[in-house]
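Here are my notes from going through this one. Have the viewer open as you read.

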Amino acid sequence: MRTFFSALCILLAGCAVNNTMPKQEVPETSFARMWIDTDAACGVQTGDPDDCLALHMALRANVEIVGVSPVAGNTSLSGVIKSLALFPELKVFLHEAGSCHSPAAKRFAEASQEGELVLLALGPLSNVADFLSCDEVKQEHVHVVAVGGRPSPEVPLTPNPDHWISIDLRDLNVELDPNAARETLEQAELLSLVPFEASREVVLEWGDIARLSMPTAAQERLQNWSSLASWLWGIDGLLPFDAVAVGLVLWPEQFECFPVETTMAGEMLVAQIEQGAAGGERLYCLPLNGELLKQNILALASN
């Protein structure tokens, strides 16, 4: 009942939220050079806006964001571009499907030649597959960190199976372009998957979101989306899928990554853990302590 009344309170009454929590010390983050491919939807009124929390975190962390490429997914391409305008510090490069000569593809290839590079894939893998197909890209320097995957085709993505609606989530980053997902599996030399279940224990409640020092429009979209999530899935806030993926890059020691065998089963990316395997070029990463990761996310992203 707490979930329903919290959502009703925010939607209908605009309840006051305690925003006087003491500041936490921002945890030290690992350095990384990062390219972000995103379907951010915080500048429009539809679609999951969680990419925007991930972008905000990356901007506040000890990383070098060498470029950002928009991809349609949570919203249209024009909606993503509008959302990225909320973060003027970002260097945005547009991509033309199938081209190795677009501004984004050319800059990504240059960045890969300059040293180790994390390709953070927060949306459908359309651009990612294109980038990796280009001869100019130095594949051995690129570590793809992608949001998606599941351990079995039979495993539903259900945040709360006891909820009265119990609507399953969809792995849209794979489903919206399964061919690109298949090509990414074939081309990426090192791929870390951050699946739905990685965010299950990292729910951001309304009071948490109120603490974030984000552009107002982005913060309001996160609040609205968390209200919708509580109604549809019976959870107490926002499942920060993409923020967890950034967390893997910033605090890798807070995750356990299992070597997996990856396959495409129709429109599903299946990652089966290889028992007893060590190392590996395909990894399935889960936080060791969801509450600790949540607190680190809030410390980095809040006032």
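The points below cover the sheet, the helices and one loop residue.

1. Keep in mind that this is a predicted model. The sheet is open and has 8 strands, ordered β2-β1-β3-β4-β5-β8-β6-β7 with mixed pairing. β2 (63-70) and β7 (268-273) sit at the edges with a single partner strand each, so one side of each has no neighbour in the sheet. From one strand to the next, the twist averages 30°.

2. Further into the strand order, have a look at β5 (residues 190-194) and β8 (residues 282-287): they run parallel and are joined by 3 bridges. Leu191 has Arg282 in β8 as its bridge partner.

3. Helix α7 (residues 178-187) lies across β5, β6 (255-265), β7 and β8. Relative to β6, α7 runs at about 120°.

4. Now for a helix pair. The axes of α2 (residues 50-60) and α10 (residues 241-250) come within 6 Å, crossing at roughly 25°. That angle is under 35 degrees, so α2 counts as roughly parallel to α10. On the α2 side the contact includes Leu53, Ala54 and Met57, while α10 brings in residues including Phe241, Val246 and Leu250. Sorted by type, the residues of this contact come to 8 nonpolar, 1 polar and 3 charged.

5. Is Gln139, in the loop between α5 (126-133) and β4 (142-147), buried or exposed? Gln139 has a relative accessible area of 15%, so it is buried. Its side chain reaches the backbone oxygen of Leu132 at 2.4 Å. Leaving aside residues up to four places away in sequence, Gln139 touches Leu132, Gln187 and Glu189.

How values were computed
Residues numbered from 1 in each chain as written. Predicted model: local features only at pLDDT ≥ 70, side-chain atom pairs only at ≥ 80, totals over all residues. Heavy atoms only, no water. Axes fitted to C-alpha atoms, helices over the stretch in contact; angles between N-to-C directions. Helix = DSSP H or I, 4+ residues; strand = E, 2+ residues; numbered from the N terminus. Parallel < 35°, antiparallel > 145°, perpendicular 65-115°, else oblique. Contact = heavy atoms within 4.5 Å. Nonpolar A, V, L, I, M, F, W, Y, C, P; charged D, E, K, R; others polar. Buried < 20%, exposed > 50% of the residue type's maximum accessible area, 1.4 Å probe, protein only. Polar contact = N/O pair within 3.5 Å; in protein donor to acceptor, adjacent residues only side chain to side chain. Pairing = 2+ DSSP bridges.
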